[in-house]
Amino acid sequence: MGDGSARMPRPPASQPARAAPIQAPPKIRARWPEARHYAALDLGTNNCRLLIARPQGGGFTVVDAFSRIVRLGEGLASTGRLSDAAIERTIAALRICADKLRRRHVALARSVATEACRQAANGAEFIERVYRETGIVLDIITAEEEARLAVLGCHALLEPGDGPALVFDIGGGSTELVLVEGGGDDGETLPRIIDWHSAPWGVVSLTEARGIAPDADAAAREAGYARMRESVAEAFAPFVARLPAINGNRRLLGTSGTVTTLASVHLGLSSYDRSAIDGLIVPVASMRSVSRRIAGLDMAGRSAVPCIGSERADLVVAGCAILETIMDLWPAERLGIADRGIREGILRHLMGSRAQ
């Protein structure tokens, strides 16, 4: 690619993980002894995502998928509760997921909920309603397990190399930073987690708390973006203080809608193409340039950018601020992009558990 991007030879998402420092998740549910189809559902602060797969060889093949922006955490920062409108949107999406699970005869599944349900005063009430109306049992996982599952799902895309690497997941309600060691050489051996940190800023929570007015002029947008970055840097400070001194090349891998969207803008794609994004390696300088360009646009300008559009235009600036701050604290030359994460991590665990 003439823009400085590269494709790393990447193992497919279906490759198995053999070393497993991650604790087995609780509450795995099976309906019959030998599972044909497995499912992983990740309900985040902003998105509802489902993957259904069947074992194939030593890995798996995806047979069905679903993704919808539900904005479950909308308004949570100001009220401390999941709103009625957000709950209705989310349950509508989960009904579609439940129908897919039934039609695909899924025998073994795990469904998880993250930051919005961890923080909301009515999170447990919401989980109970989901079960009553859809039959889906959501486990509210800790930030630590969220970080570990993300690593398990995307570690195969780490560039080969020595020394620690930083894996991050920019979510809707939080951002997870995971410092790992090893991995990336064969795409199968799991890296060892050295340290991790969860910051309470994701694209939804940061936008709601530090958002820039839609009618702000260029100077106000620049000042607002700086405030966002300051807030994120403050939240990352305890982790930064623990980071070891690194000599040599730093490896950096990101998984989230933010990095996949900005990588799409970097490539100039007219519409999102997972095959072009998953496993892409982009110069950090290029991602920083894209982030600043997008952050400088007004709402109409962001909405007009392919792969952002009106659905992401209000949240993408917060994502840019978080990404730039991560690139500051871990000054790597290249950024690996992963369109895989928690769901793939869950599937690896489910299939690994059944193989034992």
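These questions and answers go through a predicted model, starting with one strand and ending with a pair of helices.

Trainee: Is strand β8 (residues 164-170) largely enclosed or open to the outside?
Mentor: In a regular strand the side chains alternate between the two faces of the sheet. On one side of β8 lie Pro164, Leu166, Phe168 and Ile170, and on the other lie Ala165, Val167 and Asp169, and all are buried. Seven of the seven residues of β8 are buried, so the strand is largely enclosed by the rest of the structure.

Trainee: Which residue in β9 stands opposite Ile170?
Mentor: A hairpin of four residues leads from β8 to β9. Strand β9 (residues 175-181) pairs with β8 in the antiparallel sense, over seven bridges. Opposite Ile170, in β9, stands Thr175.

Trainee: What is the bridge partner of Ala165 in β11?
Mentor: β8 also pairs with strand β11 (residues 251-255); these two run parallel and are joined by four bridges. Within β11, the partner of Ala165 is Arg251.

Trainee: Which helix gives the largest share of the largest nonpolar core?
Mentor: This core has 52 residues, and those touching the most other members are Phe168, Leu252, Ile294, Leu323, Ile326, Trp330 and Ile337. Leaving aside residues up to four places away in sequence, Ile326 touches Leu166, Phe168, Ile170, Thr175, Leu177, Phe236 and Leu252. The largest share of the core is ten residues, and it comes from helix α13 (residues 316-329).

Trainee: How many residues are in the second, separate core?
Mentor: Among the members of this second core are Leu72, Ile91, Leu94 and Ala113. The core is separate, and its residues number 29.

Trainee: Does Ala216 count as buried or exposed?
Mentor: Ala216 is in the loop between α6 (203-210) and α7. Met299 is 83 residues away from Ala216 in sequence, but their C-alpha atoms are 9.2 Å apart in space. Buried means under 20% relative accessible area. The relative accessibility of Ala216 is 14%, so the residue counts as buried.

Trainee: How is α7 set against α10, parallel or oblique?
Mentor: The axes of helix α7 (residues 218-242) and helix α10 (residues 284-296) come within 9 Å and cross at roughly 130°. That angle makes α7, relative to α10, oblique.

Trainee: How many charged residues are in the contact of α7 with α10?
Mentor: From α7 come Arg221, Tyr225 and Arg229, and they meet Arg288, Ser291, Arg292, Ala295 and Gly296 in α10. Of the residues in this contact, two are nonpolar and two are polar, and the charged ones number four.

Definitions and conventions
Residues numbered from 1 in each chain as written. Predicted model: local features only at pLDDT ≥ 70, side-chain atom pairs only at ≥ 80, totals over all residues. Heavy atoms only, no water. Axes fitted to C-alpha atoms, helices over the stretch in contact; angles between N-to-C directions. Parallel < 35°, antiparallel > 145°, perpendicular 65-115°, else oblique. Contact = heavy atoms within 4.5 Å. Nonpolar A, V, L, I, M, F, W, Y, C, P; charged D, E, K, R; others polar. Core = buried A, V, L, I, M, F, W, Y, C linked by side-chain atoms within 4.5 Å. Buried < 20%, exposed > 50% of the residue type's maximum accessible area, 1.4 Å probe, protein only. Pairing = 2+ DSSP bridges.
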